[in-house]
Amino acid sequence: MGSFDGKVVLITGASSGIGAVTAFHFAEDGASLVLAGRNEERLGKTAQECLSKGLSKDKVLTIKAEMTKEEDVQRIMDTTIKHFGRLDVLVNNAGVVDVTTILGEHLMESYDWTMNINVRSVLQLSKLAAPHLIATKGSIVNNSSICGKRSLKLLLVYNISKSALDHFTRVTAIELASKGVRVNSVNPGVIVTPIHGALYGKDDDQVRDFAAKDHPLGRAGESDEVASVIKFLASDAASYITGEVISVDGGRHAVCPS
């Protein structure tokens, strides 16, 4: 895998989970990093970990932002270009999940919130990033979900948002291919991150026990396993891959529900 020295990588949702670990992977390969997130304290911890891997302070930029606010998304891109003068990789990682059903009381509120973050902000930031990525022949990597490929109960709106994100990946890949920009997605299964605790009230061990039953490899995934695929897709090693939606789910997408 080629080095990312001299390249600028923007990661949303970089304050924890897959986003933070993805930042660590790029830091180890020398990338300059823009870390965007809504939790300033956790964002600072991600930045410190990246610095500990040998990056100088001028190569790590943190931006506190809410992806639901258009002005914040615009500020992310404006600040990135002002500080670094270029962009090589956009990792659309920020996302939310909520328990929803067609009979749920707060379905429409959940729809607006989820779609704004999981889809609308991705469209906006990718549109803003596109001219800069064209200039560097860069790439976009979206963090989707198994829910983009398979329907999971109690996650109605989340399923819709990730299906939309997968189609966004394919269509945008076609549109930008002639400009030399690649667009791909990763589709994780159950990964041990803080989001499961917030959603289901499960600790990490409970998440692992839960995932062991549904994933053919018999376990949950780790953030490192997703981050490594994201970095691969952004690297020169994946120079002939675009429009791909890659499952990182221990085989869960390949089985029928029991």
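How exposed is R75, in terms of relative accessible area? In this predicted model, R75 is partly exposed, with a relative accessible area of 32%, whereas D72, the residue whose side chain meets that of R75 in a salt bridge, is buried at 12%. Both residues belong to helix α3, which spans residues 70–84, and they are three residues apart, about one turn of the helix.

**Salt bridges**

A search of the whole structure finds 11 salt bridges, and three of the pairs are set out here with their N to O distances.

| Pair | N to O distance |
|---|---|
| K231 and D29 | 3.8 Å |
| R75 and D72 | 3.4 Å |
| R219 and E225 | 2.6 Å |

The side chains of K231 and D29 form a salt bridge with an N to O distance of 3.8 Å. K231 is part of helix α8 while D29 sits in the loop between α1 and β2, so this pair ties together parts of the chain that are 202 residues apart in sequence. Both K231 and D29 are buried. The pair R219 and E225, with an N to O distance of 2.6 Å, joins two partly exposed residues, since the relative accessible area of R219 is 39% and the relative accessibility of E225 is 31%. In addition, E28, E49 and K53 are linked with one another in a network of salt bridges.

**Nonpolar cores**

In soluble globular proteins, nonpolar side chains tend to be buried together. The largest nonpolar core here holds 31 residues, and the members that touch the most other members are V9, I11, F26, L33, L35, C50 and I230. At least two residues of this core come from each of the strands β1 (8–12), β2 (32–37) and β4 (89–92), and likewise from each of the helices α1 (17–28), α2 (40–52) and α8 (223–234). Helix α1 gives the most to this core, with seven residues. When neighbours within four places in sequence are left aside, V9 is in contact with F4, F26, A31, S32, L33, V34, V89 and V91. A second, separate core consists of 25 residues, including L61, A94, A173 and V183.

**Helix packing around α4**

Two packed helices are described by the angle between their axes and the distance between the axes. The axes of α3 and helix α4 (residues 107–136) come within 10 Å and cross at roughly 25°, which makes α3 roughly parallel to α4, and the crossing of these two helices is right-handed. On the α3 side the contact is made by E70, V73, Q74, I76, M77 and I81, and on the α4 side by R120, S121, Q124, L125, L128, A129 and H132.

Helix α4 also packs against helix α5 (residues 156–177), at an angle of about 15° and with the axes 9 Å apart, so that α4 is roughly parallel to α5. This crossing, in which α4 passes α5, is right-handed. The residues of α4 that make the contact are L107, S110, Y111, T114, M115, N118, V119, V122, L123, S126 and I134, and those of α5 are L156, V157, Y158, I160, S161, K162, A164, L165, F168 and L176.

Methods. Residues numbered from 1 in each chain as written. Predicted model: local features only at pLDDT ≥ 70, side-chain atom pairs only at ≥ 80, totals over all residues. Heavy atoms only, no water. Core = buried A, V, L, I, M, F, W, Y, C linked by side-chain atoms within 4.5 Å. Buried < 20%, exposed > 50% of the residue type's maximum accessible area, 1.4 Å probe, protein only. Helix = DSSP H or I, 4+ residues; strand = E, 2+ residues; numbered from the N terminus. Contact = heavy atoms within 4.5 Å. Salt bridge = Lys/Arg side-chain N within 4 Å of Asp/Glu carboxyl O. Axes fitted to C-alpha atoms, helices over the stretch in contact; angles between N-to-C directions. Parallel < 35°, antiparallel > 145°, perpendicular 65-115°, else oblique. Left-handed = near helix turned anticlockwise from the far one by under 90°.
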